[in-house]
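I opened my notebook to jot down what I could look up here, one entry at a time.

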Amino acid sequence: MKQLDIFIAFFRSSMLGYGGGPTTIPLVQKEVVERFKWMNNEEFGDVLAIGNTLPGPIATKMAGYIGFRIGGVLGMINAIIATILPTIILMVILLSTLIVFKDLRWVQGMTKAVVPVVAVMLGVLTWEFVQSSIKGLKWFFTTLHIIVALVLIEYFGIHPGFLIGVLLVIAVVKPTNTTEKKKKQKGLSA
């Protein structure tokens with residue numbers, strides 16, 4: 001039953017994710033966090049951050065990792081197949097159909113109408129990540145991270161993967177407050 005759930009979650013996300021990997025992220029989050037409750041928002045955010053630092057399509061990286069985490073190697077294969085299968089099916093069916101009807105106004109309107117919906121989905125997911133960040137970093141540091149990232153990405157052309165990688169290295173190297181407190185307590189008790 002778990003393998004079927006994995007397949008359904010990633011097939012549905014991939015089938016409804018119009019426009020590629022980034023548009024499927026909110027859909028995967030709905031399935032993985034809200035519907036099946038395989039992980040929480042913070043864990044999902046971590047998977048997304050790590051996935052963004054690696055090369056390749058984000059949808060298949062996330063599917064592979066989450067599938068492996070939930071169902072082992074079989075779950076990983078299952079999730080990846082469920083993620084790429086809709087694309088294969090739709091490419092064969094829709095491209096042959098769209099080529100015939102691409103110049104019709106309703107087809108052009110349909111493709112333009114999807115863009116705002118995707119923007120709203122990504123905006124909702126972004127707001128959920130901001131709220132999660134505020135819990136850990138508070139408003140000031142969350143806002144500072146957003147502004148610095150925006151400036152570095154938009155004005156200096158730095159790839160988001162590099163920023164995420166730097167933040168991950170800082171998080172690993174810099175001791176947290178609890179680590180520092182434990183060291184101080186050991187020093188006082190010795």
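**T53 and what it touches.** I started with T53 and looked up its contacts, skipping anything within four places in sequence: T53 is in contact with G161, I164, G165 and L168. This is a predicted model, so I keep that in mind for every entry. T53 itself sits in helix α3. Buried or exposed, or in between, I wondered about T53? I got a relative accessible area of 28% for T53, so I wrote down "partly exposed"; the in-between class covers what is neither under 20% nor over 50%. I also checked a distance: T53 and L167 are 114 residues apart along the chain, and their C-alpha atoms are separated by 11 Å.

**Whole protein.** Next I stepped back and looked at the elements. I found seven helices and zero strands. Read along the sequence, I get α-α-α-α-α-α-α. Why do I call the protein more spread out than a compact globule? The globule rule gives 16 Å for 190 residues, but the radius of gyration is 20 Å, which is well over that, so the protein is more spread out than a compact globule. I looked up the spans too: along its principal axes, the C-alpha trace covers about 80 × 45 × 25 Å.

**Surface and contacts overall.** How much of the protein counts as buried? I noted 27% of the 190 residues. The exposed area is about 12900 Å², and 73% of that comes from carbon and sulfur atoms. Then I looked at contacts with a separation of 6 or more: 55% of them are between residues 24 or more positions apart. For charges, I have 18 positive and 10 negative ones, and their mean positions are 5 Å apart.

**The core.** Which residues touch the most other members of the largest nonpolar core? I wrote down F10, F44, M62 and I66, out of 21 residues in that core. The elements that give two or more residues to this core are α1 (2-16), α2 (21-35), α3 (41-53) and α4 (58-101). Helix α4 provides the largest share, with seven residues.

I then picked F10 to follow up. Not counting residues up to four places away in sequence, F10 touches V28, V32, A63, I66, A79, A82 and T83.

**V32, from the other side.** V32 was on the F10 list, so I looked it up next. V32 is in helix α2. I got 0% relative accessible area for V32, so it goes down as buried; buried needs a value under 20%. Leaving aside neighbours within four places in sequence, V32 is in contact with F10, K37, W38, M39 and I66. I also tried a pair far along the chain: V32 and A149 are 117 residues apart in sequence, and 27 Å apart in space from C-alpha to C-alpha.

**Two lysines with positive phi.** K37 turned up among the V32 contacts, so I checked its backbone. I found a positive phi of about 55° for K37, although it is not a glycine. I made a note of this because most residues other than glycine have a negative phi. Where is K37 found? K37 is in the loop between α2 and α3. Its relative accessible area is 62%, so K37 is exposed.

K138 is another entry of this kind: its phi is near 75°, a positive value in a residue other than glycine. K138 lies in helix α5 (residues 105-155). At 53% relative accessibility, K138 counts as exposed; the cut-off is over 50%.

**Two stops in α4.** Helix α4 holds G75, and Y65 lies in α4 too. I looked up G75 and got 0% relative accessibility, so I marked G75 as buried. What is G75 in contact with, leaving aside neighbours within four places in sequence? My list reads Q3, I6, G67 and F68. From G75 to E42 I noted 33 residues in sequence and 21 Å in space, C-alpha to C-alpha.

For Y65 I got 42% relative accessibility, so it counts as partly exposed. Y65 and V47 are 18 residues apart along the chain, with their C-alpha atoms separated by 7.9 Å.

How values were computed: Residues numbered from 1 in each chain as written. Predicted model: local features only at pLDDT ≥ 70, side-chain atom pairs only at ≥ 80, totals over all residues. Heavy atoms only, no water. Core = buried A, V, L, I, M, F, W, Y, C linked by side-chain atoms within 4.5 Å. Buried < 20%, exposed > 50% of the residue type's maximum accessible area, 1.4 Å probe, protein only. Helix = DSSP H or I, 4+ residues; strand = E, 2+ residues; numbered from the N terminus. Contact = heavy atoms within 4.5 Å. Rg over C-alpha atoms; globule rule 2.2 N^0.38 Å. Areas by Shrake-Rupley, 256 points an atom, 1.4 Å probe, with all protein chains shown as cover. Lys, Arg positive; Asp, Glu negative; His and termini not counted. Charge placed at Lys NZ, Arg CZ, Asp CG, Glu CD.
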